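Welcome, and thanks for opening the viewer. Let's walk through this model one selection at a time, with a short note at each stop.

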Amino acid sequence: MGIGRRWTTATAAATMTLAGTLGLGLMAPVAQAAAHGPCYDGRCTTTVSRPTNITVDSHRFGFGKLRITHISSRSVKMSATTTGGARLSGSTSPGGTVRLNSLSIRVQSVSGHKAKLVLSRAS
C-alpha cells in the first residue's frame with residue numbers, strides 16, 4: 001500500500017509541474033504581446049492617420065519599430081532600422097504590399113490621410 005501511494009503522489013506532482021510549465025509557456029507570448037501592443041507578433045490590422053511607430057518583435061523581424069513616415073492619398077511610406085543598424089524602407093500605393101525582412105505590410109486602403117494597414121508574417 002505504501003508503494004502505490006508514493007507512486008500516485010509522484011505522478012500527481014509531475015503532472016501538476018508539467019501542466020504549470022506548459023500553461024506558463026502558452027501564456028507568456030500573449031502577456032508579452034499585450035504589453036507591447038497589438039501588432040507586436042506581426043499580425044494585426046491597424047489604421048494610422050499620421051507618422052507613427054508600430055512596435056514589433058525585434059527577434060522575429062530583425063527590427064523593433066516600424067515607422068510610418070508619410071501618408072498621402074497616393075502612397076504610404078515606411079522605414080525601419082534593423083538591430084544591426086541597416087536601414088530598410090519602402091513605399092506603396094493602396095492595394096500594394098511592402099516586405100521588410102519577414103514582415104509584410106499591406107496598404108489595404110487610404111482615405112484622405114488615413115491608411116488601413118494589414119501586417120502579417122511573410123512566408
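Start with the whole chain in cartoon view: there are two helices and eight strands. Keep in mind that this is a predicted model. Tracing the chain along its sequence gives the pattern α-β-β-α-β-β-β-β-β-β. Switch on the surface for a moment: the chain exposes about 7800 Å², and carbon and sulfur atoms supply 57% of that area. Of the 123 residues in the chain, 31% are buried. If you like contact maps, residues 24 or more positions apart account for 33% of the contacts with a separation of 6 or more.

**Stop one: an open sheet**

Now select β2, β3, β4 and β5. These four strands form an open sheet in the order β2-β3-β4-β5, with antiparallel pairing. At its edges are β2 (52-55) and β5, each of which pairs on one side only. The twist averages 25° from one strand to the next. Zoom in on β2 and β3, which pair in the antiparallel sense over four bridges. Within this pairing, pick I54 in β2; its bridge partner in β3 is L66. Keep L66 highlighted for the next stop.

**Stop two: the nonpolar core**

Which residues touch the most other members of the largest nonpolar core? They are L66, L117 and L119, in a core of 23 residues. Colour the elements that give two or more residues to this core: β1 (44-48), β3 (65-71), β4 (76-81), β6 (97-100), β7 (103-111) and β8 (114-121). Among these, β7 gives the most, with four residues. As background, nonpolar side chains tend to be buried together in soluble globular proteins.

Next, centre the view on L117 and show what surrounds this residue. Leaving aside neighbours within four places in sequence, L117 is in contact with C44, T45, T46, V48, I54, I68, V76, I105, R106 and V107. You have already met I54, the bridge partner of L66, and C44 comes up next.

**Stop three: the disulfide**

How many disulfides does the chain have? The count comes to one. Select C39 and C44 as sticks: these two form the disulfide, with their sulfur atoms 1.9 Å apart. Check the torsion about the S-S bond, which is about 90°, so the disulfide is right-handed. Are its two cysteines buried or exposed? C39 has 5% relative accessibility and therefore counts as buried; C44, at 10%, counts as buried too.

**Stop four: β6, β7 and their hairpin**

Move to β6 and show its side chains, which alternate between faces. V98 and L100 point to one face and are buried, while T97 and R99 point to the other and are not. β6 pairs with β7 in the antiparallel sense over four bridges, and L100 has L103 of β7 as its bridge partner. The hairpin of these strands has two residues between them, and N101 takes a positive phi near 55° there.

**Last stop: T82**

From N101, jump to one of its contacts, T82. This threonine lies in the loop between β4 and β5 (87-92). Because its relative accessibility is 17%, under the 20% cut-off, T82 counts as buried. Setting aside neighbours within four places in sequence, T82 is in contact with G62, F63, L88 and N101.

Key. Residues are numbered from 1 along each chain as its sequence is written. This is a predicted model: local features need pLDDT of at least 70, side-chain atom pairs count only at pLDDT 80 or more; totals for chains, interfaces and linings use all residues. Side-chain values use heavy atoms; hydrogens and water are left out. A nonpolar core is a set of buried Ala, Val, Leu, Ile, Met, Phe, Trp, Tyr and Cys residues joined through side-chain atoms within 4.5 Å. Buried means under 20% relative accessible area, exposed over 50%, partly exposed in between (1.4 Å probe, protein chains only). Contact means heavy atoms within 4.5 Å. A disulfide is a pair of cysteine sulfur atoms within 2.5 Å. Accessible areas come from the Shrake-Rupley method with a 1.4 Å probe; for residues, only the protein chains shown count as cover. Two strands pair if DSSP finds at least two bridges between them. Axes are lines fitted to C-alpha atoms, for helices over the stretch in contact, and angles run from 0 to 180 degrees between N-to-C directions.
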